[in-house]
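Trainee: I should like to practise reading a protein structure, going from its empty spaces to its sheet and its helices. May we look at one together?

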Amino acid sequence: MLRLRRLSLAGLALATAAAGLAVLPAGAEAASADRHPAAASAPALAAAAPDIDVTRVQAHLTEFNAIATRNGGNRRSTGQGYRDSVAYVKGKLQAAGYTVTEQPCTSGCTSGAGPNLIAEWPHGDASKVYMFGAHLDGVSAGPGINDNGSGSATLLEVALKLAETRPSMGARVRFGWWTDEEQGLNGSEFYVRSLTSAQRTAIKAYYNFDMVASPNGGYFINHITSAAAAPMKAYWDSLNLQPEENTEGAGRSDDYSFENYGIPTSGYAMGASARKTSAQAAKWGGTAGAAYDGCYHSSCDTTSNINATGLNRSADGVAYTLWKQAVSDTTPANDFSVSASPATGSTAPGTSLTTTVATATTSGSAQTVNLSASGAPSGVTVAFSPASVTSGASATATITVGSSVPPGTYPLTITGTGAVTRTAPYTLTVKGAGGCTAAQVISNGGFENGTSPWTGDTGAIGTFSGQSAHSGSRYAWLAGYGYAASDTLGQTVTVPAGCTKATLKYWLHIDTAESGSTAYDTFQVKVNGAVKQTYSNGNAATGYTERTLDLSPYLGQQITLSFTATEDASLQTSFVIDDATLTTG
């Protein structure tokens, strides 16, 4: 959550944080196994949406915490910890069948901030969109697990549950994970500002989730009496939680960006640094006079700072709201399912493979189902025999891969269209063609051709006083500031299949003002966010040294390769890279 509130367009005064927030019932922290607290009091509501398993939400939080640990202890918007968080969420969503987009924040964000991540479930009426969002970045002081890993992980698991259950959709659902919220709501503001008027009109409500697992927190709803908030309040009312207006958070999180463009908003929160009143302690339990989150914006905001019961109630309320707003409230009289077996396949360019597409009548009478496929890259075709079946029957899908299709993994969607539309995922892996053809897959590894396709802190690329290139005239100079900072450069490449070996080579020069062998400042090579090599100020030497890394385990895969340099609070260490190659053979 952003520390300070912006003024609204109407010039509303800052709401005082003294208006207390509510806290979870005493002892609620111990009830993590309770997936539907008090569900017996509201059987109709509980049946309206699937249960969200809180242990799965907590697993995402564990990964966010690990990402922070690997990246200087935080996930701030300008650091690799944030980019690794984006990669983690993106990978889960793509595998589940979402249309996923990384949106660079090209204006209004802090220099070097990573992208927004937008995911849309591609079913339902596109003119009627319900959007659910949370900021994915944290502050530099800590890993940001309650603020706001809790909101981000909740939305991720709800999104995965939607993909798993595949209900009939009456409207579109879109999820947003925002960058640079902690610096001023910048990522979400950029997103809404970038929409056309028609696109904004299509968003019928935006729901925001920021700090939904505060240890001493309460049950707060943004704009609690609004029409948008009605399903959120109904769910928490069904548990007899007596939620209150989110006064502390007014204007301080990403819902405010949407409000400023006239889009209805609501959301859940459980409180930040404001203190719980005695009346709220009597109402919900907990500690009167203590902050809702005593680790707000601090290094102790780790997985130990999470109230599992509050997290669970938030996640189930989000799912209820999504189902209530966007899922069709009528079951088709005649319905069917579609599946692919096998659901994955691997082949080389110039060849083909098959999978069996099975259908089944799930309600009512059998119907004609027309089969199609989407998501295939250029050069790949999918043909069905027969092209339509009566539900209950099967067809054969033949996937033909052209000779020029590059190696890689491609998610396809098989669609059956009848009275309703049903889909099934299929993952195609294209291997290298006919044995091994040696290749070099890093582009602009000598940095002589501008900055593309490198991403991240591309200002580190160039020619600078004080350093020199290994060859040519340009290089990448990471760190070297003499104060706490981090620089990252990355590139996504496809490592061709069909070979026995893939090797990364690069030339690295390290100079330092540190003394001794203690690693104060570090340089890391990462693949898909996982650290594969580490050097430090203790490896400083005159001139360049060639470094190598075996990447053979990634043959046939698309990977994100990154170089990250991190300095402590004093005494510079410079890490200078040049002439990077990734070759197969």
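Trainee: How many cavities of 30 Å³ or more does the structure hold?

Mentor: Please keep in mind that this is a predicted model. Rolling a probe the size of a water molecule over the atoms shows where empty space is left. For cavities of 30 Å³ or more, the count in this structure is one.

Trainee: Which element gives the largest share of the lining of the largest cavity?

Mentor: The residues lining the largest cavity are L508, H509, I510, N539, A541, G543, T545 and R547. Two elements, β23 (502-512) and β26 (545-550), each give two or more residues to this lining. The largest share, three residues, comes from β23.

Trainee: How many residues of each class, nonpolar, polar and charged, are in that lining?

Mentor: The residues to be sorted include I510, N539 and R547. Gly is counted among the polar residues, and G543 is one of the lining residues. The lining therefore divides into three nonpolar, four polar and one charged.

Trainee: Which strands stand at the edges of the open sheet?

Mentor: Strands of a sheet pair through backbone hydrogen bonds, either parallel or antiparallel. Here eight strands form an open sheet with mixed pairing, in the order β1-β2-β4-β3-β5-β8-β6-β7. Two of them have a single partner strand each, so one side of each is left without a neighbour in the sheet: these edge strands are β1 (99-103) and β7 (244-245).

Trainee: Which residue in β4 is the bridge partner of G133?

Mentor: Strand β3 (residues 129-135) and strand β4 (residues 172-178) run parallel and are joined by seven bridges. In β4, the bridge partner of G133 is G176.

Trainee: What angle does the direction of helix α4 make with that of β3?

Mentor: Helix α4 (residues 145-165) packs on the sheet. The strands touched by α4 are β2, β3, β4 and β5 (203-209). With the direction of β3, the direction of α4 makes an angle of about 145°.

Trainee: Is α2 roughly parallel or roughly perpendicular to α10?

Mentor: Helix α2 (residues 54-70) and helix α10 (residues 308-326) pack with their axes 9 Å apart, at an angle of about 110°. Angles of 65 to 115 degrees count as roughly perpendicular. The relation of α2 to α10 is therefore roughly perpendicular.

Trainee: Which residues in α10 do the residues of α2 meet?

Mentor: By class, this contact has five nonpolar, two polar and no charged residues. From α2 come V54, V57, Q58 and L61. In α10 they meet A308, L311 and N312.

Key: Residues are numbered from 1 along each chain as its sequence is written. This is a predicted model: local features need pLDDT of at least 70, side-chain atom pairs count only at pLDDT 80 or more; totals for chains, interfaces and linings use all residues. Side-chain values use heavy atoms; hydrogens and water are left out. On a 1 Å grid over the protein atoms alone, a cavity is a set of points where a 1.4 Å probe fits but cannot get out, and a pocket is an open set with protein on both sides within 12 Å along at least five of seven lines; lining residues have an atom within 4 Å of a point. Grid points are joined across faces, edges and corners, and a volume is the space filled by probe spheres set on the points. Helices (H or I, at least four residues) and strands (E, at least two) are DSSP runs, numbered from the N terminus. Two strands pair if DSSP finds at least two bridges between them. Contact means heavy atoms within 4.5 Å. Axes are lines fitted to C-alpha atoms, for helices over the stretch in contact, and angles run from 0 to 180 degrees between N-to-C directions. Angles under 35 degrees count as roughly parallel, over 145 as roughly antiparallel, 65 to 115 as roughly perpendicular and the rest as oblique.
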